[in-house]
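Subject: The structure for you to look at

Hi,

Here is the structure I promised to pass on. Have it open while you read, and turn it around as you go.

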Amino acid sequence: MKNHFLLSLLFIILVICQPQLVSGQQKNAISTAESIRLETDRIFEKLVKFRRDFHENPELAGKEKQTQETIKQYLLGLGLQVKTDSYGYGVVGILKGGKKGKRIAWRAEMDALPNDFPDKADFRSTVKGVQHGCGHDVHMAIALGIAEVLAKNKSALHGTVYFIFQPEEETFIGAKNMIAKGLLSQINPDEIYALHVTALPVGQIMVKTNEMFAYQKRVRIQLKDELSNDEAKELTKKIHHFLSRASTGSKPWEIQQISDPNIGLMNSNTIFKDYLIMDENFITYSKNGAFFLEAYLYEADSSKLEAIIPKIKQVIESSGYADKLLSVSYIQENPTILNDEKLTNIAVKTLDNIYGKGFVVMDYGQVPFFNDDFAYFQQKIPGVYFFLGGSNIQKGITAMNHAPNFEVDEECIKTGVKSFSSLILERLE
């Protein structure tokens, strides 16, 4: 009887005290977040200057030499160990905490785009034909900011943080080649994170489990004999019509709608799910006596991928070209971002606990036309990839990637630094 009484008493004490313990943990996390916010505010102007310097001096994939040197010197100044032998002009900053713990990696891209789109910024590119029209300059500034904030807390850190500044993302080979050169076996992170600024409201963080983008593939049709322009146009029109799929009345190819509250990514009834978008205008050419037709397609549903090539063959055969058909194949099929389900849910809960429920907005769709080779890291390590809003309609700023007049409200740098410094600290704890 005595033992039963003591056990019952212990159970009551635990039940009564548990909310106080949880509350104390939350208070501690919120207090830490406030310190992070103050530190972020302190370094914000410096980070903006770095972002603008990157923007004025962009470098194409495989040519990120000056960018590498800038990042290297900054990280060394923070007291981080720096590696520049991972691949190309990549940089890896290593922040070892004062206590033992897990290993977490943060990835940021370095390269710019080969274009001359109109740029409204006062600090526009000084390099003809090259510009940061995708936001990688912002990503680097955020990563440097996270590194500085965490370096200030080095003695209290449990574990190690790796800052991977990756070259050659736009050509989709940087991550793959860093892995092939043995980077992950050298640093062996337990988790990896990244973000991409895009045309959502400034400071809004959005994420979902599994696919963030549609599956992108480039299909090639090879025929024995050349088709006339009219024949090729008619055939490709049939293929496009037969394969394309979208919910009634929706236009998921109108990517500017991703931030629309009624049909955009944040709405469970979004138009950006269960679709297949296919180029209507195929590239056609003749080579070595054969005739080729090529086009990109974007499929949101992985379960429907295997049926695509058989459907294309079906259209070709039913159009009277069965005897001309040599092959239908994919000549490009990059992997897509695939967020680890368990880690994504933990990350959302962590940020919501610190900054308030609903701080992270859930994504219900998949973005077409874009992708990120961060997918190669996720094939090896549990990882989460976030969207970060950079648009500010009131200021006339639209952060639509790879588009003319791409702009970013630099306030999103603050959100990125404070939010993900907090996340990494909590994950290390």
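Let's start with a small puzzle: which residue of E15 does Thr198 stand opposite? The one to look for is Gly389. Once you have found that spot, look at the strands around it: E5 (residues 191-201) and E15 (residues 383-391) pair in the parallel sense, over eight bridges.

Before you go further, keep in mind that this is a predicted model. The protein chain has an average pLDDT of 92, and 93% of the residues score at least 70. The start of the chain is another story: over residues 1-23 the pLDDT stays under 50, and the model has zero contacts there beyond four places in sequence. Where pLDDT is low, the predicted coordinates shouldn't be read in detail.

Now for the sheet. E5 and E15 belong to an open sheet of eight strands, and if you walk across it you meet them in the order E1-E2-E4-E3-E5-E15-E6-E14, with mixed pairing. Strands like these pair through backbone hydrogen bonds, either parallel or antiparallel. At the edges you'll find E1 (81-83) and E14 (360-362); each has a single partner strand, so one side of each is left without a neighbour in the sheet. On average, neighbouring strands here are turned by 25° against each other, ignoring direction.

Next, the helices. H2 (residues 65-77) lies across E1, E2 (91-96) and E4 (158-166), and runs at about 10° to E2. H2 also packs against H3 (residues 136-152): the angle is about 15° and the axes are 11 Å apart. An angle under 35 degrees counts as roughly parallel, so that is what we call H2 and H3. The crossing is right-handed. From H2, the contact uses Thr67, Ile71, Tyr74 and Leu75, while H3 brings Met140, Leu144, Ala147 and Glu148. Six of the residues in this contact are nonpolar, one is polar and one is charged.

Then compare that with H8 (residues 341-355) and H10 (residues 411-428). Their axes come within 10 Å and cross at roughly 115°, which makes H8 roughly perpendicular to H10. This crossing is right-handed. Among the residues that meet here are Leu343, Ile346 and Leu351 in H8, and Phe420, Leu423 and Arg427 in H10. By class, the contact of H8 with H10 has eight nonpolar, three polar and three charged residues.

Have fun with it!

Key
Residues numbered from 1 in each chain as written. Predicted model: local features only at pLDDT ≥ 70, side-chain atom pairs only at ≥ 80, totals over all residues. Heavy atoms only, no water. Axes fitted to C-alpha atoms, helices over the stretch in contact; angles between N-to-C directions. Helix = DSSP H or I, 4+ residues; strand = E, 2+ residues; numbered from the N terminus. Parallel < 35°, antiparallel > 145°, perpendicular 65-115°, else oblique. Left-handed = near helix turned anticlockwise from the far one by under 90°. Contact = heavy atoms within 4.5 Å. Nonpolar A, V, L, I, M, F, W, Y, C, P; charged D, E, K, R; others polar. Pairing = 2+ DSSP bridges. pLDDT = per-residue confidence, 0-100.
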